[in-house]
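Welcome, and do come in with your questions. Let's look at this one together.

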Amino acid sequence: MRHGAFGNATALACRECGHQVALGPHYACPECFGPLEIAYDFPAVTRAEIEAGPRNIWRYKALLPVPSDIEESPNMEPGFTRLLKAHNLGATLGIDNLWVKDDSTNPTNSFKDRVVACALSAAREFGSTVFACPSTGNLANAVAAAGARAGIKTVVFIPSDLEQPKQVNSAVYTDSLVAVNGNYDDVNRLASEIAGEEEGWAFVNVNVRPYYAEGSKTLGYEIAEQLGWRLPDQIVIPVASGSQLTKVHKAFQELISLGLVEDKPYKVYGAQATGCSPVSVAYKAGVDAIRPVKPATIAKSLAIGNPADGVYVLDICRETGGSVEDITDEEVRAAIVLLARTEGIFTETAGGTTVGVLKKLVESGALDPTLETVVINTGHGLKTLDAVAGSVGPAATIDPSYAAFTRTEIV
Ligand SMILES: *Cc1c(COP(=O)(O)O)cnc(C)c1O
Ligand SMILES: [Zn+2]
C-alpha cells in the first residue's frame, strides 16, 4: 500500500466494541464480529477548500478514505447532483419548504456510483485483480461501469428475477454478469463465500464494505453545502441495507464537529416498501432486533430481507425523533407518477418508495410540514419502466384529423 493511500483515515474501528485494526480488506471485528468502520484524524477543513474542489464527490476527498491524488486515476466522477426546490410536490403535499436531492443523474443513474467510486479506490490500493459485488441491480450497474473505466476485471452477481433493464445496464459494461437463482440475500451469502475462497477479489459491499459505505457520506455533505452550509430540519431516506441512511447521518455529525455547519437538531426518517420492511416492522413494534424477511415487492433495489445496518437505522431514527415507515407497491407506483407530474423527475421504485413514505408521514402527522425537508431520489425510472407501464400511457389514440382531436376532450 502506498503512503497516504487512504488519505486521513487512520484505522478500521469496530462499531460495536471500538476495537481497532489496521486499514486493510477487512469488514468484521476480530474480537466481536461487529462491523468495522473507517476512523479518521481529520485536519482543519474549510468551506473554501471544499468549494474550490471539483464538481463531484472528490471535493470532499479530505473526509473520505482515498488518496489525495484520487482524481488522477480513471473513475466515474460521480456526485454533485442537483438539489431541486420542489415547489409543486411541496404544494401538493402541503409541505412549505421541500427539496429533492436527485441522485438519478449520476453516471449510471443511481446513488451507487458514489459508494463504488470509494470502493474502487480501496480495491486499487489493495492491488485487487477482480472488482465484484452481489447486487439488487443498481450496484451491479455501477460496479460494471466503474471497472470498465478503470480497466479492472469485473464480476457482478444478481438475483435472476431482476428487472431486464437493470440486467442490460450491467451486461453492457461487463462480460461477467452472473444471474443467481435466489433472492438478494442468497446472492449476498454466495458472495461472502467466494470472497473467503478467492484471492484478490474486492467485493465492494462485502470485504471492502467499510470503504464503500463511506461514499454515501457525500450525499449528506452535498445536501448541507447546497443548502448554503446548513442542515435541513427533516430528511427522508430509503433503506435497503441501511448503509446510506447511517452514513448521511454520520456526514451531518462530521460537518458539525468540523465546524462546517451550525449544530442543530434534525430528524431522520427511513423509507421501506411493505413487501420488504423488516426495519419499519421493528420500529413500529418498538424492538431493537430485526427479524429477517423474504422480500416480495416491486421495489427490488430496496429488497434486502436481512439488512446489515438495520439496527443502526433504528437507533438513528429514534434518537433524532424521526421514524421508519413503509408503503404498499400500489402507493409506490402512485408516488412515481406523482413525482414525475409535479417535478419532472422520473424515479425508479426506490424513489417512489421514498416519496410515497414522505406523503404518508405528512398525512399521519409524523413529519412537520412547516419545517425544511429533504427527500432523496436515489435512482432512475427508466430502469424500472414496468412498474408504471401499466398505469400510464396514451390518453387517446386518434386518427390524424382536427375533428378527431377535439373529440378527445384533452383540452
Ligand atoms: C442500494 C440502493 C439504496 C439504498 O441502499 P442501502 O443499502 O440502504 O445503502 C437506495 N436506493 C437505490 C436506488 C439503491 O440502489
Ligand atoms: Zn468489536
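What follows is a short conversation about this predicted model.

Visitor: Which lysine does UniProt mark as a modified residue, and is it buried or exposed?

Guide: Happy to help! The unreviewed UniProt entry places "modified residue: N6-(pyridoxal phosphate)lysine" on a lysine in helix H3 (residues 112-125). Its relative accessibility is 13%, and buried means under 20%. So the residue is Lys112, and it counts as buried.

Visitor: Which helices does the salt bridge between Glu214 and Lys247 link?

Guide: The two side chains meet at 2.6 Å, N to O. Glu214 is buried at 0% relative accessible area, and Lys247 is buried too, at 5%. The partners are 33 residues apart, and the pair links helix H7 (residues 209-214) with helix H9 (residues 243-257).

Visitor: Which residues are linked with that pair in a network of salt bridges?

Guide: A good place to begin is Glu254, which forms a salt bridge with Lys217 at 3.1 Å between the closest N and O atoms. Glu254 lies in helix H9 and Lys217 in helix H8 (residues 217-226), so this pair ties together parts 37 residues apart in sequence. Along with Glu214 and Lys247, the network holds Arg15, Glu37, Lys217, Lys250 and Glu254.

Visitor: Is Asp288 buried or exposed?

Guide: Asp288 meets Arg318 in a salt bridge of 3.3 Å, N to O. Arg318 is partly exposed, with 29% relative accessible area. For Asp288 the value is 58%, and over 50% counts as exposed, so the answer is exposed.

Note on methods: Residues numbered from 1 in each chain as written. Chains lettered and ligands numbered in written order. Predicted model: local features only at pLDDT ≥ 70, side-chain atom pairs only at ≥ 80, totals over all residues. Heavy atoms only, no water. UniProt positions renumbered as here; feature names shortened; annotations may be inferred. Helix = DSSP H or I, 4+ residues; strand = E, 2+ residues; numbered from the N terminus. Buried < 20%, exposed > 50% of the residue type's maximum accessible area, 1.4 Å probe, protein only. Salt bridge = Lys/Arg side-chain N within 4 Å of Asp/Glu carboxyl O.
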